[in-house]
Every structure is written in structure tokens, then in C-alpha cells.
Amino acid sequence: MQVNMRWLEEQAELTLMRLLPRIETALADMHDRDLFLARLREHFTDAFTMFYTLYSGHYDFFYHLEATILEVASAFQARSIDLKALDVQRQENPDWFQSEQMLGAVCYVARFAGDLEGIRKRIPYFRELGLTYLHLMPLFLSPETHNDGGYAVSSFRDVNPTLGTMKQLEALARELRQHGISLVLDFVFNHTSDEHDWAQRAIAGEHQYQDYYRMFDDRTIPDSYETSLREIFPEQAPGSFTYRSEINKWVWTTFHNYQWDLNYENPEVFRAMLGEILFLANRGAEVLRLDAVPFIWKKLGTNSENLPQAHVIIRGFNALVRIAAPALLFKSEAIVHPRDVRSYIDPKECQISYNPILMVSIWEALATRSVDFLRHTMNKQFPLPPGCAWVNYLRSHDDIGWGFADEDAAEVGIQGEDHRYFLNLFYLGRFPGSFATGLPFNFNPRTQDMRINGTTASLAGLEKAYKLDDDDYRDTAIRRITMIHSIILSVGGIPLIYLGDEIGTINDYSYRADSGIADDSRWVHRPIADPEKYEQRLDSTTVEGRIFTALKHLIDLRQATRTFANGETVFIQTGNPHVLGYTRHNSMLFLANFAESAQYVNVATLQNEWSLIRSAHDLVTDQVMSLEDSIRLEPYQFMWLAP
Ligand code: OTU
């Protein structure tokens with residue numbers, strides 16, 4: 001992948017000179033042609049570099065390049081006036097997503113509100129919560145029973161008819177935007193379902209479409225790949241290849257056997273998928289969550305994850321999006337080693353990313369009641385390049401895997417493998433002192449690896465409190481749930497709440513009765529929203545009301561305080577192993593007690609400017625505190641201190 005950059009820049013310029021006359025003719029009657037051409041000039045080198053790096057070996061390289069640019073031009077032409085205005089607005093304020101106003105939420109359309117119309121009717125609730133970002137999980141056409149919760153897409157241009165229509169989705173995006181809420185959609189681009197038109201044509205024997213996927217005539221090549229591949233779903237979908245008798249071929253299927261991996265070595269696939277990105281951008285999506293980014297390029301002899309070409313592809317998409325629909329951001333979904341998570345985050349690649357490193361370390365610290373590892377790993381992994389932000393969350397619709405860096409763990413005296421074993425037992429509720437009710441997911445007997453499923457409330461003790469029918473245990477669980485939310489609501493980045501967690505929803509075991517999903521325990525934490533429980537959010541005598549009120553209070557504080565803008569966060573030693581400390585912009589100090597016993601912190605001993613401050617205002621309790629003596633934190637108490 002070594003290329004001479006100077007030479008490439010010269011070739012890019014020459015190529016653009018050759019292309020321009022034809023592009024200009026194609027755009028003859030476009031009134032904002034100059035804007036398009038200016039953006040094309042600005043981003044062409046990046047786009048060309050990507051094309052050259054991956055596809056220069058193809059005889060029809062130049063055809064694909066020219067066709068791509070013309071497609072970008074027609075997407076620009078088709079973009080609505082509103083969205084073009086949004087493009088300009090975002091370019092004038094590129095840090096818009098770093099604002100303290102940002103608050104994200106995520107849900108399945110069907111489970112939270114039935115259908116798109118249901119989501120539209122919940123807009124008043126989203127405003128009540130203070131949302132500015134709404135991620136609706138895959139709502140596209142997909143196979144009826146086996147569809148991996150929608151992550152097997154049959155058409156990116158059709159909404160699943162049980163949820164609504166593309167027209168409705170477009171109208172919803174507009175309406176959300178009018179209320180200051182950005183629509184976030186999934187771009188499941190590593191694979192399509194086997195019911196996608198491309199897959200169907202491949203099954204029908206069309207070679208052009210067989211080349212959209214990775215297919216093999218026998219097991220020879222799959223076998224050599226498999227010696228170094230990781231199995232993602234060893235229980236439901238062992239191996240990474242699926243035999244299809246219709247064509248007598250083995251198809252690459254990293255995930256389930258009905259999810260066919262796309263072949264990005266084929267420039268036509270890149271072009272076709274770019275077309276889908278621009279289509280969704282023009283429907284009003286403001287962020288695309290790039291699903292399963294690590295897997296999009298494969299190479300024999302490697303684990304085919306996080307290869308350099310995966311980055312090149314995303315950068316290529318990104319450069320072309322800057323030309324046609326620059327308001328669109330990419331969010332990476334890479335739940336891998338911290339080094340690899342971070343590698344996708346760049347203004348020219350994915351501007352925002354899930355923060356699985358924080359997510360995992362919060363649960364780790366809750367289990368151990370020690371913040372040593374959390375502080376240490378955050379110190380190393382939290383800072384991001386300018387123009388980028390973390391999306392901080394406690395859990396998603398997926399399992400929790402203990403993907404921390406063994407090196408980071410070793411540096412604080414933790415042995416990674418043993419610790420994962422402990423954490424699994426803890427979150428299954430099988431370790432002394434555990435408060436958690438979680439389910440195992442994809443136990444791999446070969447590696448002894450497994451992951452954990454459960455809602456935030458169930459993993460944090462609320463379900464056990466109900467089972468024990470113990471009021472104190474319940475109060476402690478509520479404090480624990482609130483405290484961990486306080487972290488994602490106050491560290492740098494965009495907080496993301498899984499809808500239902502804000503009212504303490506516990507695990508839902510009803511999926512076991514549904515044969516289509518019974519083998520996938522992730523459904524335990526994808527419950528159907530209960531309108532009665534939502535009603536109780538306003539009644540502070542209920543658990544729902546207590547959690548909702550507490551979180552709402554924190555959201556209001558966050559949105560009213562400029563210190564919460566941008567990513568800057570410094571994690572500090574508090575002198576107490578149970579108490580996490582961090583400062584923001586040198587102007588606020590945050591303390592959080594990860595133990596169920598009271599703890600003390602002596603601010604005078606902190607190795608920073610806070611040691612000189614004599615009193616502070618705790619925004620959370622609205623009390624002025626003396627910092628002269630040790631501060632006492634009640635079980636799971638947290639403080640947001642301003643001098
Ligand atoms: C993602 O997750 C989605 O979030 C899942 O819901 C899908 O099943 C899957 O892709 C396939 O589309 O392995 O256990 O590093 O960890 O992409 C979940 C990324 C997953 C993977 C992640 C994947």
C-alpha cells in the first residue's frame with residue numbers, strides 16, 4: 001500500500017483536468033455548479049488516492065472513477081434545498097456535534113413505538129428528554145424471520161413495510177430536524193442479506209453479481225482463510241463461509257449464514273454502496289453508523305479485521321460525501337481492541353465513534369469497586385484528534401464483550417484473561433458480591449470466550465432487587481444506575497442512552513418463546529417499551545420516576561453548562577481507589593464513588609489546581625461544599641463541582 005504521495009497528487013490533478021470538461025457538460029444546467037466544482041477540487045485528491053490505491057489494477061479503473069464522480073454530481077443535484085442549507089450550516093459550524101446540547105438516544109422502531117408513525121408521535125417525548133440525536137436501528141427491508149434484528153439488509157432504498165415507507169422516513173427526518181434532532185441511521189455495509197437483489201442475481205447465476213460477494217468453488221481457499229479468522233457468532237453461525245447448493249459455491253459470511261459479505265475489491269461494489277450512502281444522505285440522515293467496519297476487507301493469512309484497506313474505503317466514501325452531502329457524518333462501530341477502535345476516528349474517516357473502551361471499563365469498575373483500571377485506560381485511550389468525538393454509552397443492542405487492552409490491564413496489575421473470566425461470572429450473577437442479572441452470549445468452547453447480555457438496570461442490580469424484594473437493595477441499584485449514567489453525561493463527547501434505560505427497564509425474557517430469535521440472547525435487552533412504565537416516569541414514588549427524574553436533572557445541568565462542550569477530559573488520581581475523578585477544561589471537578597459504602601476524598605492532596613480551592617458548588621445537589629477537609633461521598637454518590 002506504499003504510494004508516492006507527491007506523484008499521486010500530480011496524477012490526481014492531471015486526472016481532474018481530463019475529467020472536468022465532461023463533468024462540466026453533464027452539469028451544464030446546474031445553478032450551483034460552482035459550489036459543486038469547488039468541493040470537487042477540494043476533495044478530488046483524497047477520492048483519487050483511494051481509487052488508485054485499491055483499484056488501479058483493474059482494466060476499467062478510469063471508467064469507474066468517472067462514473068463515480070458523475071454519480072456524486074447527480075446526488076448533489078438531487079439534494080433538497082433544506083439539506084443543501086444544512087450542508088452550509090454544518091460547514092460554517094463544523095464543531096456542532098461537540099456542543100453541550102448534544103444528547104443521543106437509540107431504539108428499534110418496532111420495539112419502541114411500533115412503526116415510524118409511532119416514532120413521530122413520540123417527538124414530544126424526545127423533546128422532553130432533550131434529545132438532539134436519534135438513532136433508529138435498521139428499519140430497511142430485510143428477511144421476515146432471520147434478519148439479525150434488521151442487520152441483514154435486503155434493500156437500502158426500502159423501509160421495512162411493517163414500519164412504514166421511505167417517504168415517511170424522509171418526512172420524519174425533516175420533522176426531527178425542525179425540532180433540533182439529527183436522524184442517525186445504520187449503514188450495514190459489510191454485508192447484505194441473501195434476499196438482496198444483488199444476492200438473488202448472484203444465486204441466479206449472474207457472474208457480474210457473484211463478483212459483488214466473495215465466493216469460492218470449493219473449500220480450499222475458505223479453509224486457508226479460516227485458519228486465521230475469528231468466529232463472531234460461534235453458537236448460531238459457526239465458521240465464516242456458507243455453502244449454497246443453487247450455485248455450488250461457498251459464500252463468505254462473517255456473521256450469520258444469510259448475511260453475505262460484500263466484495264470491496266470490486267470497484268463496482270464501492271460505487272454501488274456509495275450510491276446507497278448518498279441516497280440515505282438525501283433522505284435526511286445526518287449520521288450514518290458504519291456497521292461492523294473492521295470486517296470490510298479480507299486478506300489471506302490475516303484475521304481479516306482492521307486491515308489498512310478498510311480505512312482507505314471509508315476515507316474514499318468520506319471524501320466523496322464531502323462533495324455531495326457534507327452535512328453527513330460517519331460514526332464507526334468497531335468493537336475491537338482499543339488501538340483499532342481509535343484507528344477509525346479521524347475527521348477524514350469517522351468523525352464520531354462508539355466508545356466501547358469507556359463502556360467496558362465502567363462495568364469493570366462496578367464489578368471490582370475499583371477505578372484503577374478505568375482511570376488508567378481512560379488516561380491512555382480517551383484523547384481524540386480535533387474535529388472528532390466519542391459517543392459515550394453504557395450498553396447497546398449488542399452484547400458486552402470485555403474488549404479492553406491486555407497491556408493497559410497489565411500496567412495496573414490485572415491479568416486480562418483471568419479478569420475476563422471473572423467479569424463474565426460477575427455479570428452472570430455467579431460471583432460473590434455480584435448484583436448483576438445477565439445472560440451468556442456465544443460461549444466459544446475452543447477459546448473459552450463469551451460475552452454478556454442484559455439491560456443497564458438488570459446488570460446494575462435492579463432486577464435482583466426486585467427478586468429479593470429488598471428496598472435497600474433497590475435503592476442502591478437506583479443509585480448505581482444513576483451514577484453510571486452521570487459518567488456518560490459528563491465526560492467529553494455525545495452521551496447515548498438506550499431508550500428504556502432512562503426508566504430502569506429490566507431484562508425481558510419473552511424472546512425465548514419466539515423461535516426466530518430464541519437462540520440470540522441479545523433480545524433479552526431489546527424489550528418492547530411499556531407505555532404504563534413510561535407514564536410512571538412523572539411519579540417520583542416509582543422506580544421509573546426516580547431514575548427518570550435523576551437523569552433528567554443531569555441532562556438539564558449538562559445542557560445549561562458550557563463546560564460540557566467538546567471532548568477535553570482529564571482523568572485524575574483521587575487518592576481513593578473507589579472514587580473516579582476527572583476534570584473538564586480545568587473548570588469543573590467530577591467525583592464518582594463506585595462502591596456501595598461511603599468514601600472520602602481529600603481534595604487538598606490532589607495533584608492539580610483543585611488542591612488550592614477552598615469551596616465548590618456541587619451542581620447535582622445544588623450545595624456549596626467546603627473543600628477544606630475530606631469530602632464524604634455516600635454509596636454511589638457523584639459530584640459535579642464548580643469552584
Ligand atoms: C454489529 O455488531 C451489529 O451491531 C450487530 O447487531 C450485528 O449483528 C452485526 O454487526 C452484524 O451486522 O459482532 O456482536 O467490531 O463487534 O460489528 C456484535 C464490530 C457484532 C462487531 C460488530 C457486531
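**Second largest pocket**

Start with three helices of this predicted model. Select α2 (33-55), α4 (81-92) and α13 (308-324); each supplies at least two residues of the lining of the second largest pocket. Keep α13 highlighted. α13 gives the most to this lining, with 8 residues.

Now go to the middle of the site. Show Asp46, Asn318, Arg322, Pro347 and Lys348 as sticks. Of the 31 residues that line the second largest pocket, these lie nearest its centre. The space in the second largest pocket is about 750 Å³. Colour the lining by class next. You should get 14 nonpolar, 10 polar and 7 charged residues.

**The ligand**

Move to the ligand and select its surroundings. The shell holds 21 residues. Label the closest: Asp148, Arg289, Asp291, Glu333 and Asp398. Colour this shell by class too. The shell around the ligand has 10 nonpolar, 3 polar and 8 charged residues.

Three distances are worth drawing here:

- Arg289: a polar side-chain atom lies 2.8 Å from a ligand oxygen atom.
- Asp399: a polar side-chain atom is 2.9 Å from an oxygen atom of the ligand.
- Arg522: an N or O atom in the side chain sits 3.1 Å from an oxygen atom of the ligand.

Then turn on the ligand surface. Alone, the ligand exposes 490 Å², and the protein buries 97% of that.

**The cavity**

Switch the view to enclosed space. How many cavities of 30 Å³ or more does a search of the whole structure find? The count is 1. The largest cavity holds about 60 Å³ of space.

Select its lining: Leu229, Arg230, Ser240, Trp252, Thr254, Phe295, Lys298, Asn303, Ser304 and Glu305. By class, the lining of the largest cavity divides into 3 nonpolar, 4 polar and 3 charged residues. Leave Lys298 selected, one of the residues that line the largest cavity. The next stop uses Lys298 again.

**Asp261**

From Lys298, step to Asp261. The two side chains make a polar contact at 2.5 Å. Asp261 lies in strand β10, residues 259-261. Add Asn190 to the view. The side chain of Asp261 also makes a polar contact with the side chain of Asn190, at 3.2 Å.

Is Asp261 buried or exposed? Asp261 is buried, because its relative accessible area is 0% and the cut-off for buried is under 20%.

**Leu439 and His525**

Next, select strand β15 (residues 439-444) and pick out Leu439, which lies in this strand. Leu439 has a relative accessible area of 12%, so Leu439 counts as buried.

Now add His525 and draw a line between the two C-alpha atoms. Leu439 and His525 are 9.7 Å apart in space. In sequence, 86 residues separate Leu439 from His525.

**Thr561**

Finish in a loop. Select the stretch between α23 (543-559) and β18 (570-572), and find Thr561 there. Its relative accessibility is 16%, so Thr561 counts as buried.

What does the side chain of Thr561 reach? Show the backbone of Leu557 and draw the distance. The side chain of Thr561 reaches the backbone oxygen of Leu557 at 2.6 Å.

**Views to save**

Keep one scene for each stop. For the second largest pocket, show α13 with the lining residues. For the ligand, show Arg289, Asp399 and Arg522. For the cavity, show Lys298 among the lining residues, then Asp261 with its side-chain contact to Lys298.

Key. Residues are numbered from 1 along each chain as its sequence is written. This is a predicted model: local features need pLDDT of at least 70, side-chain atom pairs count only at pLDDT 80 or more; totals for chains, interfaces and linings use all residues. Side-chain values use heavy atoms; hydrogens and water are left out. A residue is near a molecule or strand if one of its heavy atoms lies within 4 Å of it. A polar contact is a pair of N or O atoms within 3.5 Å; within protein, one must be able to donate a hydrogen and the other to accept it, and residues adjacent in sequence count only if both atoms are side-chain atoms. Accessible areas come from the Shrake-Rupley method with a 1.4 Å probe; for residues, only the protein chains shown count as cover. Ala, Val, Leu, Ile, Met, Phe, Trp, Tyr, Cys and Pro count as nonpolar, Asp, Glu, Lys and Arg as charged, and the others, Gly among them, as polar. On a 1 Å grid over the protein atoms alone, a cavity is a set of points where a 1.4 Å probe fits but cannot get out, and a pocket is an open set with protein on both sides within 12 Å along at least five of seven lines; lining residues have an atom within 4 Å of a point. Grid points are joined across faces, edges and corners, and a volume is the space filled by probe spheres set on the points. Helices (H or I, at least four residues) and strands (E, at least two) are DSSP runs, numbered from the N terminus. Buried means under 20% relative accessible area, exposed over 50%, partly exposed in between (1.4 Å probe, protein chains only).
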